[in-house]
Amino acid sequence: MADQPRARKPRSATNGAGAQNMPIETALAELETIARRLEDPAVPLEESLTLYERGKALAAHCQQVLREATLRVEVLRTVEEHTTTLEMFATDEDE
């Protein structure tokens, strides 16, 4: 009977752990570390794959944080524009 390869658990299930609540600055710093490690030809293939998957999870987290920040800025700008418009109308009515 030939040896059959064992099924492996998906690494991505654990590599994204903790990224959801991580400050973006910490995630970016870890991404930089991962990028440096991946550039090292001495890193074994399996470790490279694990690092790559962790990097993907961190990058996705950073993109989500940036999307949320962009939405918050858009909301603030919209509120500010409406407030300015309302103030202009109030000033025009006072005259």
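Setting aside its neighbours within four places in sequence, Cys62 is in contact (heavy atoms within 4.5 Å) with Ile24, Ala27, Leu28 and Leu31. This is a predicted model, in which local features need pLDDT of at least 70 and side-chain atom pairs count only at pLDDT 80 or more, while totals for chains, interfaces and linings use all residues. Residues are numbered from 1 along each chain as its sequence is written, and side-chain values use heavy atoms, with hydrogens and water left out.

**Overall layout**

- The protein has three helices and zero strands, where helices (H or I, at least four residues) and strands (E, at least two) are DSSP runs numbered from the N terminus.
- Along the sequence, the pattern reads α-α-α.
- Of the 95 residues in the protein, 16% are buried; buried means under 20% relative accessible area, exposed over 50%, and partly exposed in between (1.4 Å probe, protein chains only).
- Among contacts with a separation of 6 or more, 77% join residues 24 or more positions apart.
- About 8,000 Å² of the protein is exposed, with carbon and sulfur atoms supplying 58% of it; accessible areas come from the Shrake-Rupley method with a 1.4 Å probe, and for residues only the protein chains shown count as cover.

**Helix α2 and its two sides**

- Helix α2 (residues 24-39) has 16 residues, which at 1.5 Å a residue should span 22 Å, and its end C-alpha atoms are indeed 22 Å apart; the expected span is 1.5 Å times one less than the number of residues.
- Ile24, Ala27 and Ile34 are the buried residues to look for in α2.
- These three lie on the same side of α2, because they cover an arc of only 75° around the axis, the arc being that of the directions from the helix axis to the C-beta atoms.
- Glu25, Arg36 and Glu39 are exposed on the other side of α2.

**The nonpolar core**

- The largest nonpolar core has nine residues in all: Ala19, Met22, Ile24, Ala27, Ile34, Val43, Leu51, Leu58 and Cys62.
- The elements giving two or more residues to this core are α2 and α3.
- Here a nonpolar core is a set of buried Ala, Val, Leu, Ile, Met, Phe, Trp, Tyr and Cys residues joined through side-chain atoms within 4.5 Å.
- In soluble globular proteins, nonpolar side chains tend to be buried together.

**Residues to visit**

- Ile24 sits in helix α2 and counts as buried because its relative accessibility is 17%.
- Leaving out neighbours within four places in sequence, Ile24 is in contact with Cys62, Val65 and Leu66.
- Ile24 and Gln63 are 39 residues apart in sequence, and their C-alpha atoms are 9.3 Å apart in space.
- Pro23 belongs to the loop between α1 and α2, and its 44% relative accessibility makes it partly exposed.
- The C-alpha atoms of Pro23 and Val65 are separated by 8.8 Å, with their positions 42 residues apart along the chain.
- His61 is part of helix α3 (residues 45-94) and counts as buried at 10% relative accessibility.
- Beyond neighbours within four places in sequence, His61 is in contact with Ala19, Gln20, Asn21, Met22 and Ala27.

**Confidence**

- The mean pLDDT (the predictor's confidence in each residue, from 0 to 100) is 83, and 77% of residues reach 70 or more.
- Among the elements, helix α1 (residues 12-15) has the lowest mean pLDDT (53) and α2 the highest (98).
- Residues 5-13 have pLDDT below 50, and this stretch has six contacts in the model beyond near neighbours in sequence.
- Where pLDDT is low, the predicted coordinates should not be read in detail.
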